[in-house]
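Student: Could you take me through one part of this structure closely, beginning with a single strand and working outward from there to whatever it is connected with? I would like one continuous account rather than a list.

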Protein chains: 2
Amino acid sequence: MRELGKQQIEDIALGATVLGTGGGGDPYLGKLMALNAMAEYGNVKMITHEEVPDDALVVPIAFMGAPVILIEKLANGNEAKDALKMLEEKLGKKAFALMPIEAGGMNSMAPLALAAELGLPIVDSDAMGTAYPQLQMVTFTLHDIPSTPLAQADEKGNRVLYETISNLWSEILAGNAIIPMGGACVIACYPVLGKQLKKAGIHDIVTYSEEIGSAIREAKNNSLNPVKTLIEKANGHLLFEGKITDVVRNTEGRFLKGLIKVEGLNDFSDSKMDIDFQNEFLMAKVNGKTVAMVPDLITIVDTETAKPITTETIKYGFRISVIGMPGNEQWRTEKGLEIVGPNAFGYSEEYQPVEKLNQ
Amino acid sequence: MRELGKQQIEDIALGATVLGTGGGGDPYLGKLMALNAMAEYGNVKMITHEEVPDDALVVPIAFMGAPVILIEKLANGNEAKDALKMLEEKLGKKAFALMPIEAGGMNSMAPLALAAELGLPIVDSDAMGTAYPQLQMVTFTLHDIPSTPLAQADEKGNRVLYETISNLWSEILAGNAIIPMGGACVIACYPVLGKQLKKAGIHDIVTYSEEIGSAIREAKNNSLNPVKTLIEKANGHLLFEGKITDVVRNTEGRFLKGLIKVEGLNDFSDSKMDIDFQNEFLMAKVNGKTVAMVPDLITIVDTETAKPITTETIKYGFRISVIGMPGNEQWRTEKGLEIVGPNAFGYSEEYQPVEKLNQ
């Protein structure tokens, strides 16, 4: 068990945004909510999955909605509490701890404000290891853990509880409700017992986010090259360096889809990169040849500062470096690829590991 | 308390379709489900609102969705039970009786199959006295009775429980979920105690439906004019008689909207009628002058048989009689008109009672 203070929160938000591969939203609002709650209620305590008793209840808390709307929409601050309360009532059991569902900017922060307010610890685990755009795309699905009961709350005070026949149906129904709810909401879902979490979670991921964030921050303070530092820290590959020449985006239902075109600079001059996204960066090609694909991580950072850039803020003219990192081993199995492999996102290409594509 | 057999069910379905003013769907599927369940489990018992103990729980059961889809979509027969069970679990209390929410073809039948299966009585009351297209348009809203907890179930086995900030928000959220659910579902909503129902319900409405249905049936058997018989029985006005020359319909979200044009025959030759609908018939004009409007009832029946015609089955060439009937007194108050008056449906006209417009 350790305590997370302001610096840790800043580093986690930065590192999780790197791991979020363009998705999971900008951490700004979530960070504000977390820091504000910690100023009022005290720092958040974080425990490892091993510190969770086998029969204790852990509840993931997440924002749900298009990142571009999450930025604009004000939360009322009670959504997470409303959702958790509805879930606890249904289960007849109190949460022992909260956890993030994914490593994304916004959602790495999602459980923190509520954890501070209720004095609950968060667990140093999530269920994606990155940020994926759909609710069923979690390692819990690999272990047949249901997403339900799933509670959803909006900023107006509406609460909805789902009991579905599959995690995909939770995605369909809870995702569909986001539109009348105004584009964003908070969910409490995948309630897990300690013994389930130990088996199915992606562990020490918050600490890993923090390490990445602090490495980038310290590189800047120590006049090191931040992109190089990040690549070393994250076991990554420099896939490309260049200038963004075009961004095409369109909001499809609750998803932000699009394509980014990049013209090479330095070692990559005379080359072109295309990056496809659906909330997250999914597929990167250099001169038409794939260099990284989901479930491996494709992150775009500012070439000067290594600050990660999310799909909703990326713009023409940005000078960027594109980094590929191996995805979590749970996702690189046959069953994992069924859920978050390239085919699951509509690509016909077979998955090939980033380290093989860039050896 | 009395028992409803096959003949009563047939008469109720027919009479409720008259009161449903074109909405609430064709009773065919609901009647089949009711008769089938009664053949298996025995007849349904019906009690009056006075026979419900003040502290007993009564739960309205309703189909929700566009009537045109309700016709095509097969139910699995467990939706109503799933929804009721979810609601009872949430309330921690068992239903003493079920009831219909509206007097419409399909929804007059909605609670019957489940009532037969569970051996529960239905109450001879509803909360519309006709069929309205939205969930908040019930007399319960006039009495500040919340629609929630509201449970919704689809034929796949998904269940959703709503706790909303208003009855309008239940309409928005539960209505929105119908689309991914495939266009139709069953809801258990507005759980009321006996004492609330006694104050807020529209009473003896099932019996009234049955009386209208049996009057039409018997007129045919006794060689009386069925339309005249219906008008006498229902305290109605013959607004028009003619032939349908055009029907324009479009599905907007879960609503079937449109306009019917009728050319006069017999006493009405050289006149034209326009009838606007949104699931239900809302506004009828003869030669541009309004002759009836919501919340009064506008019913279209076959001129030969007095068989009511619903908005989704009405067609070019039908020979019809249009009948206006006074709406329930609860709706003709200032507060009632706010919820289901012409302005609530987007018309700028002020409400005028059908008996005044046709005196």
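**Strand β7 of chain B and its surroundings**

Tutor: In this predicted model, strand β7 of chain B, residues 150-153, is covered on both faces, with B:Leu150 and B:Gln152 buried on one side and B:Ala151 and B:Ala153 buried on the other. The general background to such a two-sided reading is that side chains in a regular strand alternate between the two faces of the sheet.

The strand has two pairing partners to consider. With β8(B), β7(B) runs antiparallel and is joined by 4 bridges, and within that pairing B:Ala151 has B:Leu161 as its bridge partner. The two strands form a hairpin with 5 residues between them, and in its turn B:Gly157 has a positive phi of about 115 degrees. With strand β9 of chain B, residues 184-188, β7(B) also pairs in the antiparallel sense, here over 3 bridges, and the bridge partner of B:Gln152 in β9(B) is B:Ile187.

Following the hairpin into β8(B) leads to the other chain, since β8(A) and β8(B), the latter spanning residues 159-163, pair in the antiparallel sense over 5 bridges. In this pairing A:Val160 stands opposite B:Tyr162. The contact as a whole takes 17 residues from chain A and 17 residues from chain B. On the side of chain A that touches chain B, the elements giving two or more residues are β8 (159-163) and α8 (167-177) of chain A, and by class that side has 10 nonpolar, 4 polar and 3 charged residues.

How the two chains are related can be put in geometric terms: a rotation of 180 degrees, with 0.0 Å of shift along its axis, superposes chain A on chain B with an RMSD of 0.0 Å. This is the relation of a two-fold axis. The residue of chain A that comes closest to the rotation axis is A:Leu161, whose C-alpha is at 2.4 Å. The same surface serves both copies, in that 100% of the contact residues of chain A recur in chain B.

Turning from the contact between chains to the inside of chain A, the domain assignment gives domain 1 as 2-205 and domain 2 as 232-357. The C-alpha centres of these two domains of chain A lie 25 Å apart, and 29 residues of domain 1 are in contact with 25 residues of domain 2. The elements that give two or more residues to the domain 1 side of this contact are α1 (6-19), α3 (67-72) and α7 (139-142) of chain A, and the residues of that side divide into 14 nonpolar, 14 polar and 1 charged.

Within chain A, strand β2, residues 44-47, offers a contrast to the strand with which we began, having a covered face made by A:Val44 and A:Met46 and an uncovered one made by A:Lys45 and A:Ile47. This strand is joined to β1(A), residues 2-4, by 3 bridges in an antiparallel arrangement, and A:Met46 in β2(A) is the bridge partner of A:Arg2. It is also paired with β5(A), residues 122-123, in the parallel sense over 2 bridges, where A:Met46 stands opposite A:Ile122.

Further along chain A, strand β12, residues 237-252, is joined to β13(A), residues 255-264, by 10 bridges, and the two run antiparallel; here A:Val248 has A:Leu259 in β13(A) as its bridge partner. Strand β13(A) is in turn joined by 7 bridges to β14(A), residues 272-278, again running antiparallel, and in β14(A) the bridge partner of A:Lys261 is A:Asp274.

To return to chain B, helix α11, residues 226-233, has B:Pro226, B:Val227 and B:Leu230 buried. Seen down the axis of α11(B), these buried residues fall within an arc of 100 degrees, so they line one face of the helix. Their cover includes α1 (6-19), α10 (205-221), β17 (297-302) and β18 (319-325) of chain B. After α11(B) comes B:Asn235, whose phi is positive, near 55 degrees.

Note on methods:
Residues are numbered from 1 along each chain as its sequence is written. Chains are lettered from A and ligands numbered from 1 in the order in which they are written. This is a predicted model: local features need pLDDT of at least 70, side-chain atom pairs count only at pLDDT 80 or more; totals for chains, interfaces and linings use all residues. A residue is buried if 20 or more other C-beta atoms lie within 10 Å of its own, exposed if 12 or fewer, and partly exposed in between; C-beta atoms are placed from the backbone. Two strands pair if DSSP finds at least two bridges between them. The arc is that of the directions from the helix axis to the C-beta atoms. Two residues are in contact if their C-beta atoms, placed from the backbone, lie within 7 Å. Ala, Val, Leu, Ile, Met, Phe, Trp, Tyr, Cys and Pro count as nonpolar, Asp, Glu, Lys and Arg as charged, and the others, Gly among them, as polar. Domain bounds come from an automatic or database domain assignment. Copies are superposed by least squares on the C-alpha atoms of residues with pLDDT of at least 70 in both.
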